[in-house]
Amino acid sequence: MLWLKAFHIIAVICWFAGIFYLPRLFVYHAMSEDQATRNQLKIMERKLYRFVSPFAILTVVFGGLLISLQPSYYLHAGWLHVKLVFVAGLIAYHLYCGHLVKIFANDQNQRRHVFYRWFNEAPVFALFAIVLLAVLKPF
């Protein structure tokens, strides 16, 4: 169980590194007026999304395996249900980032950098909630 927990935490950290940085690239991309810079950002966005996506999958797999080891405890833990809602939100966020990578790759972005600055903050709140729920187990 400790190995699974360790790999789960490692996958979460790697996934969040990408979730925090990719929207920052969107900010720079939305601000850029130079075509060469935009082309470079397209490459960076695509590669980063492809790099962190397996960590999103591993996070879910290792988390699911941890739950399967003690289902009678975890499936009745209210804090876990709330945590899983946040995880589902992060998965949706991640998939939407993939959609945005395609939007930028096709030069179809219609939003200004201010939107992406706010968009970039959403996973911070989810991270706080998930960590506090997992550590404190309030319900």
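Asp 107 lies in the loop between helix 4 and helix 5, the latter covering residues 113–119. This report describes a predicted model, beginning with backbone geometry and proceeding to the overall fold, one helix pair and the largest pocket.

**Backbone at two residues**

Most residues other than glycine have a negative phi. Asp 107, just after helix 4, takes instead a positive phi of about 55°. A positive phi is also found at Lys 137, about 45°, although Lys 137 is not a glycine. The two positions are set out below.

| Residue | Phi | Place |
|---|---|---|
| Asp 107 | about 55° | loop between helix 4 and helix 5 |
| Lys 137 | about 45° | segment after helix 6 |

**Overall fold**

The protein has six helices and zero strands. Read from the N terminus, its elements follow the order α-α-α-α-α-α. The C-alpha trace spans about 55 × 25 × 20 Å along the principal axes of the protein.

Helix 4 covers residues 78–105. At 1.5 Å a residue, its 28 residues should span 40 Å, and the end C-alpha atoms are 41 Å apart, which agrees with that expectation.

**Helix 1 against helix 6**

Helix 1 comprises residues 2–31 and helix 6 residues 122–136; their axes come within 9 Å and cross at roughly 155°. Angles over 145 degrees count as roughly antiparallel, and helix 1 and helix 6 are therefore roughly antiparallel to each other. On the helix 1 side, the residues in contact are Phe 16, Ile 19 and Phe 20, which meet Pro 123, Val 124 and Leu 127 of helix 6. By class, this contact of helix 1 with helix 6 has six nonpolar residues, with no polar and no charged ones.

**The largest pocket**

Rolling a probe the size of a water molecule over the atoms shows where empty space is left. The largest pocket holds about 650 Å³ of space. It is lined by 27 residues, of which His 8, Val 12, Lys 83, Ile 130 and Ala 134 are the closest to its centre.

Which helices each supply at least two residues of the lining of the largest pocket? They are helix 1, helix 2 (residues 35–69), helix 4 and helix 6. Classified by residue type, the lining has 20 nonpolar, four polar and three charged residues. Helix 1 and helix 6, whose contact has six nonpolar residues, thus appear again among the helices that supply this lining.

Definitions and conventions:
Residues are numbered from 1 along each chain as its sequence is written. This is a predicted model: local features need pLDDT of at least 70, side-chain atom pairs count only at pLDDT 80 or more; totals for chains, interfaces and linings use all residues. Side-chain values use heavy atoms; hydrogens and water are left out. Axes are lines fitted to C-alpha atoms, for helices over the stretch in contact, and angles run from 0 to 180 degrees between N-to-C directions. Helices (H or I, at least four residues) and strands (E, at least two) are DSSP runs, numbered from the N terminus. Angles under 35 degrees count as roughly parallel, over 145 as roughly antiparallel, 65 to 115 as roughly perpendicular and the rest as oblique. Contact means heavy atoms within 4.5 Å. Ala, Val, Leu, Ile, Met, Phe, Trp, Tyr, Cys and Pro count as nonpolar, Asp, Glu, Lys and Arg as charged, and the others, Gly among them, as polar. On a 1 Å grid over the protein atoms alone, a cavity is a set of points where a 1.4 Å probe fits but cannot get out, and a pocket is an open set with protein on both sides within 12 Å along at least five of seven lines; lining residues have an atom within 4 Å of a point. Grid points are joined across faces, edges and corners, and a volume is the space filled by probe spheres set on the points. The expected span of a helix is 1.5 Å times one less than its number of residues.
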